Amino acid sequence: ELSGHEHYMLKEMREQPDAAETCLRGRLDERFATARLDGIGLDAREMRGFRRVKVLGCGSAYYVGQMGAQMIEDLARIPADAEAASEFRYRRPIIEPDTLYVAVSQSGETADTAFAVSEIKRKGGRVIGVVNVVGSTIAREVDGGIYLHAGPEIAVASTKALTNMGLAFAMLALHLGRLHDLSFADGQRILRGLERIPAQITQILDDEPAIAEVAGEIAQAASTFYIGRVRGFPVAREGAQKLKEISYVHAEAYQTSELKHGPLALINAQMPTIAIIPGDDLAKRNVAAAEQVLARKGPLVSITHPGVELDHLGVRSIVVPKNEPELDPILLTIPTQILAYRAAVVLGHDVDKPRNLAKSVTVE
Ligand code: BG6
């Protein structure tokens, strides 16, 4: 079944362009510059009535949920945030009637997320799923949802399902945006961006050898930082999670903006930092933070876009093709998968089945 690939994780990373195509197929509505998401099963009036969106998931699904919440705020201008479903279920959550709850899960079987769904439903809340496995526990219990169509995912560390979660959120954000104030032209801009994503993923995967080089160095570190700001922060969190999960190298994600408020004290020649630096309106500030790291002799790798001026600093850059700013986090995440994968391979770990972890945690 590995069909020539060394590991399932590698196979699944390489399946991403096709998986992304399948996820988008039939859902991009040119006529109204929106996304058609018939599986949600809520009519336009009800969808328009939500004044808040709350995303729930665990692990990587939670981090993508954070990306998704940002997309919803950006495109629909509805307050949105993400929370770990594992925390939500234990804290007497307030269920509001005008909140749209979104449960994210590859397997659809994660106990913490499934329990959060049941609790929301018990209290009369509206909850939709962003789920890969058709007919799974969460898929059956939600009011409706968006299937990921990523195909089976075997490796514990999620890659293609995760990318499709990002796409599903982008389409949900576009859909909500077009029910509110997002213009036809902006809707088209996002549609064009989504269409470019599969080919851009291929471009990133083609850069694998360059990323593998960096991974060799990261694998030798005792501890690393992943830093990102606003849209880049969930990318940093997901990147740090992947490195920890499969290479067992310690990684801590931090907001770039908070660097000077604490973690800068830890930077030295033994502490590599992976900086997410999109070519957006915050690039200058992010480059300034990178300079702070370099000034303390911290090894620095950037995951960045063409045109961001870093070369003069002697930083090693992994350059990712640019899309629309709202969609860029989906693509910026992909090098972090490759980095974690290659670091784990260098260290000789069982990439597909990391110690102490299960693909889906179905018990408490
Ligand atoms: C964790 C896995 O236990 O569950 C993570 O180790 C995964 O890799 C998380 O992201 C959530 O799983 P699911 O199936 O709900 O997306």
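**Helix, sheet and ring pairs**

Reader: How far apart are the end C-alpha atoms of helix H10 (residues 208-220), and what span should its 13 residues give?
Author: Bear in mind that this model is predicted. At 1.5 Å a residue, the 13 residues of H10 should span 18 Å. That expected span agrees with the model, because the end C-alpha atoms of H10 are 19 Å apart.

Reader: And which residues of H10 are buried?
Author: To count as buried, a residue needs a relative accessible area under 20%. In H10 that picks out Glu208, Ile211, Val214, Ala215, Ile218 and Ala219.

Reader: On to the open sheet: what is the order of its five strands?
Author: The pairing in this sheet is parallel. Strands S4 (80-84) and S7 (144-147) are the edges, each pairing on one side only. Reading across the five strands, the order is S4-S3-S5-S6-S7.

Reader: How much are neighbouring strands of this sheet turned against each other on average?
Author: Direction is ignored for this angle. Taken that way, the average turn between neighbours in the sheet is 20°.

Reader: Which residue in S6 is the bridge partner of Ser105?
Author: Strand S5 (residues 99-105) and strand S6 (residues 126-131) run parallel and are joined by six bridges. In the bridge that involves Ser105, the S6 partner is Val131.

Reader: At what angle does helix H4 (residues 60-76) run to S4?
Author: H4 lies across three strands, namely S3 (52-57), S4 and S5. Against S4, the angle is about 170°.

Reader: How many aromatic pairs are there, and what is the angle between the planes of Phe88 and Tyr101?
Author: The count comes to three aromatic pairs. In one of them, Phe88 in helix H5 (residues 85-88) meets Tyr101 in strand S5, 13 residues apart. Both Phe88 and Tyr101 are buried. Their rings are 6.4 Å centre to centre and the pair is tilted, with a plane angle of 55°.

Reader: How many residues apart in sequence are the parts tied together by Phe225 and Tyr254?
Author: This pair is edge-to-face, at 6.2 Å centre to centre and 85° between the planes. Phe225 is buried, with a relative accessible area of 1%, whereas Tyr254 is partly exposed at 22%. Phe225 lies in strand S8 (residues 223-228) and Tyr254 in strand S9 (residues 250-255), so the pair ties together parts whose separation in sequence is 29 residues.

Reader: Over which ring does the charged end of Arg89 sit?
Author: The cut-off for the charge is within 6 Å of the ring centre. For Arg89 that distance is 4.2 Å. The ring beneath the charged end belongs to Phe115.

Definitions and conventions:
Residues numbered from 1 in each chain as written. Predicted model: local features only at pLDDT ≥ 70, side-chain atom pairs only at ≥ 80, totals over all residues. Heavy atoms only, no water. Pairing = 2+ DSSP bridges. Helix = DSSP H or I, 4+ residues; strand = E, 2+ residues; numbered from the N terminus. Axes fitted to C-alpha atoms, helices over the stretch in contact; angles between N-to-C directions. Contact = heavy atoms within 4.5 Å. Expected span 1.5 Å × (residues − 1). Buried < 20%, exposed > 50% of the residue type's maximum accessible area, 1.4 Å probe, protein only. Phe/Tyr/Trp six-rings, centres within 6.5 Å; stacked < 30°, edge-to-face > 60°. Lys NZ or Arg CZ within 6 Å of the ring centre and 35° of its normal.
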